[in-house]
Amino acid sequence: MDNLKESLAATFNGISQVTFLEKPWFGFMVFIGFLFADVYTAIGVLIASFISYLIATVLYDKNFAVSGLAAFNSVLLVLMVEAFLGGF
């Protein structure tokens, strides 16, 4: 159960890093905002942040993975693809 909480916190930390904050609750609020704007964007952002967390746990230490810094670029990439290329 603790591992699930840690992975959810890291995923939402990755989403909140786009606005330069490291708070899981703020990442959750941003995710809810993406759900209202476009469901596919929200799903893409969530998947990108979670995959970045998984890769960061393998390649780097656990503190870096939980901080969400590894998901910063992947979340921005999903937002750019959605905004400029018209979605998935």
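The pLDDT is the predictor's confidence in each residue, on a scale from 0 to 100. The structure discussed here is a predicted model, and its chain has a mean pLDDT of 89, with 97% of residues at 70 or more. Among the elements of the chain, helix H3 has the highest mean pLDDT, 93, whereas helix H4, residues 62-67, has the lowest, 87.

The interior may be considered next. The largest nonpolar core comprises 11 residues: Phe12, Ile15, Val30, Phe31, Phe34, Ala42, Val45, Ala48, Ala71, Val75 and Val78. Two or more residues of this core come from each of helix H1 (2-16), helix H2 (24-37), helix H3 (39-59) and helix H5 (72-84).

Ser49 belongs to helix H3. Its relative accessible area is 0%, so Ser49 counts as buried. The side chain of Ser49 reaches the backbone oxygen of Thr11 at 2.6 Å. Beyond its neighbours within four places in sequence, Ser49 is in contact with Ala10, Thr11, Gly14, Ile15, Ala71, Ser74 and Val75. Of these partners, Ala71 is a member of the largest nonpolar core; with residues up to four places away in sequence set aside, Ala71 touches Gly14, Ser49 and Ser52.

Ser49 and Ala71 also take part in lining a cavity. A search of the whole structure finds 1 cavity of 30 Å³ or more, and the largest cavity has a volume of about 30 Å³. Its lining consists of Ala10, Gly14, Ser49, Ser52, Tyr53, Ala56, Ala65, Gly68, Ala70 and Ala71. The elements that supply two or more of these residues are H1 and H3, and H3 gives the most, with 4 residues.

Definitions and conventions:
Residues numbered from 1 in each chain as written. Predicted model: local features only at pLDDT ≥ 70, side-chain atom pairs only at ≥ 80, totals over all residues. Heavy atoms only, no water. Core = buried A, V, L, I, M, F, W, Y, C linked by side-chain atoms within 4.5 Å. Buried < 20%, exposed > 50% of the residue type's maximum accessible area, 1.4 Å probe, protein only. Contact = heavy atoms within 4.5 Å. Polar contact = N/O pair within 3.5 Å; in protein donor to acceptor, adjacent residues only side chain to side chain. 1 Å grid on protein atoms, 1.4 Å probe; cavity = no way out; pocket = protein on both sides within 12 Å on 5 of 7 lines; lining within 4 Å. Points joined across faces, edges and corners; volume = space filled by probe spheres on them.
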